[in-house]
Amino acid sequence: MADDKSDLPPEIIEIILSKLSVKSLLRFKSVSKSWNTMITDPVFVQNHIRRSKYSNSTNLVLCLTYETSPFQFSMVKLEDKKFQTLPVEIEAPFGCESVLCFCEGMILLTCGTRQRLVLWNPSTRTAEKLWHRFCCSDAAFGLCRDPNTDDFKVVVADWYYYSVYSCKKQSWITMKEEYEIEGYGEGLVDSRSAGLCVDGASYWVWKRRKIIYYDPRDDKFKMLQKPEKLEDCKRIFLVNLRSSLCVYGYFCAATKVQIWTKENGIDSNSWKELMTVQCDMLEYLRPLFFVENKIVLEVYHRILVSYSPSEKKFETIEGDTQLLLLEMAPVPYIESFYFPIEEPKPKRKRKRKLTVVD
């Protein structure tokens with residue numbers, strides 16, 4: 001590395017670096033010791049992720065391409081009311097193509113048996129294998145970042161027990177932990193939904209009508225109160241919109257869908273109505289993500305549209321939409337310099353063999 005000499009103050013250098021891509025930051029780590037320290041600092045990493053979330057890169061999503069061998073993910077961008085597939089293909093690591101859940105640029109993948117798990121950062125092309133002791137074919141999965149310790153945790157919730165993997169400790173900190181409330185595991189497995197990581201916790205729909213979440217601060221499962229106006233809904237769904245937990249449900253009339261957003265903070269239980277989407281004969285609707293002031297929706301299972309809440313107007317989206325019409329929801333591509341922090345393991349002292357001299 002070069003000597004730490006610069007005419008610019010460190011504050012200005014940090015601002016400039018925070019606006020660069022992950023690919024550039026990986027190169028600039030070797031410029032000097034001070035730059036390496038700055039780029040790898042946890043505060044810098046989180047600020048960079050936050051900037052990536054709210055930049056134009058949120059228009060980018062990853063979609064699995066089944067036609068290729070080995071499996072690859074394509075990058076798709078929404079621009080000018082059209083989806084365009086970019087000339088970028090990222091190979092799925094270790095042959096694991098099934099997306100279980102994602103959090104702040106990190107993606108949890110698995111293979112057919114769901115015993116081999118892979119934590120993957122597509123922006124740095126780095127991955128780490130996590131082997132679970134048991135077959136997890138019927139389990140629900142979650143991935144979140146502990147806001148107190150900055151530790152990414154993988155959650156595997158089965159019928160009677162749940163397991164938690166700590167990326168900092170590089171080990172399963174709990175393998176067969178019992179639920180505090182009976183039936184939590186059964187409700188999670190029945191939902192067969194991926195955990196939604198928002199604001200430091202993983203959330204699931206529990207038994208179609210309730211919300212349960214895993215709190216990484218104490219490694220416990222808890223119940224979250226849903227909006228009162230959704231009590232009459234036969235089924236509710238969760239979605240991450242603009243880094244906020246949102247819940248939506250269908251009413252019996254099937255002509256409107258209400259979307260509510262939760263106030264930030266794991267301990268918050270306050271909801272406010274985000275929007276009501278009204279449409280005659282609305283049989284199916286799935287919110288995907290926001291692009292500027294419009295929300296992208298999948299309707300009738302095979303049509304993608306953008307909806308303006310202020311104008312209450314639908315617009316058809318053209319282009320390579322077939323990549324987004326798979327069973328797997330599109331994964332937002334977030335530039336993340338993070339990869340599970342490896343704590344150095346203490347070196348074992350070798351025992352000296354005593355030589356006996358006659």
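Helices and strands here are DSSP runs (H or I over at least four residues for helices, E over at least two for strands), numbered from the N terminus. Keep in mind that the model is predicted.

**Close-up of W159 in its loop.** By that numbering, W159 sits in the loop between β9 (152–157) and β10 (161–166). Its relative accessible area is 35%, so W159 goes down as partly exposed, given that this class lies between 20% and 50%. Look for E178 too: the C-alpha atoms of W159 and E178 are 9.7 Å apart in space, while the two residues are 19 apart in sequence.

**Close-up of helix α1 crossing helix α3.** Here we have α1 (residues 10–18) and α3 (residues 33–40), whose axes come within 11 Å and cross at roughly 55°. That angle makes α1 oblique to α3. As for handedness, α1 goes past α3 in a right-handed crossing. On the α1 side the contact uses P10, I13, E14 and L17, and on the α3 side W35, M38 and I39. Sort the residues of this α1–α3 contact by type and you get six nonpolar, no polar and one charged.

**Close-up of helix α3 meeting helix α4.** Stay with α3 and bring in α4 (residues 42–53): the two axes come within 5 Å and cross at roughly 60°. So α3 is oblique to α4 as well. Who touches whom? M38, I39 and T40 are the α3 residues, and they meet P42, F44 and V45 of α4. By type, the residues of the α3–α4 contact split into five nonpolar, one polar and no charged. M38 and I39 also turn up in the contact of α3 with α1.

**Close-up of S18 and its neighbours.** S18 belongs to helix α1. Is S18 buried or exposed? With a relative accessibility of 10%, S18 counts as buried, since the cut-off for that class is under 20%. Leaving aside residues up to four places away in sequence, S18 touches F44, H48 and R51. F44 is also one of the α4 residues that meet α3.

**Close-up of the F28–W35 ring pair.** A pair of aromatic rings is described by the distance of the centres and the angle of the planes. Searching the whole structure turns up eleven aromatic pairs. For F28 and W35, the ring centres are 6.1 Å apart and the planes stand at 80°, which makes the pair edge-to-face. The cut-off for that label is over 60 degrees. F28 has a relative accessibility of 26% and therefore counts as partly exposed. W35, at 22%, counts as partly exposed too. W35 also has a part in the contact of α3 with α1.

**Close-up of an aromatic cluster.** Five residues to pick out here are Y162, Y179, W204, Y214 and F221, which form one aromatic cluster. One of them, Y162, lies in the span of β10 (161–166). W204 falls within the β13 range (201–206) and Y214 within the β14 range (210–215).

**Close-up of the loop between β13 and β14.** This loop links the strands at 201–206 and 210–215, and K207 is found in it. K207 is not a glycine, yet its phi is positive, at about 55°. With a relative accessible area of 45%, K207 is partly exposed. What about R208, also in the loop between β13 and β14? R208 has a positive phi of about 75°, again without being a glycine.

Notes. Residues numbered from 1 in each chain as written. Predicted model: local features only at pLDDT ≥ 70, side-chain atom pairs only at ≥ 80, totals over all residues. Heavy atoms only, no water. Axes fitted to C-alpha atoms, helices over the stretch in contact; angles between N-to-C directions. Parallel < 35°, antiparallel > 145°, perpendicular 65-115°, else oblique. Left-handed = near helix turned anticlockwise from the far one by under 90°. Contact = heavy atoms within 4.5 Å. Nonpolar A, V, L, I, M, F, W, Y, C, P; charged D, E, K, R; others polar. Phe/Tyr/Trp six-rings, centres within 6.5 Å; stacked < 30°, edge-to-face > 60°. Buried < 20%, exposed > 50% of the residue type's maximum accessible area, 1.4 Å probe, protein only.
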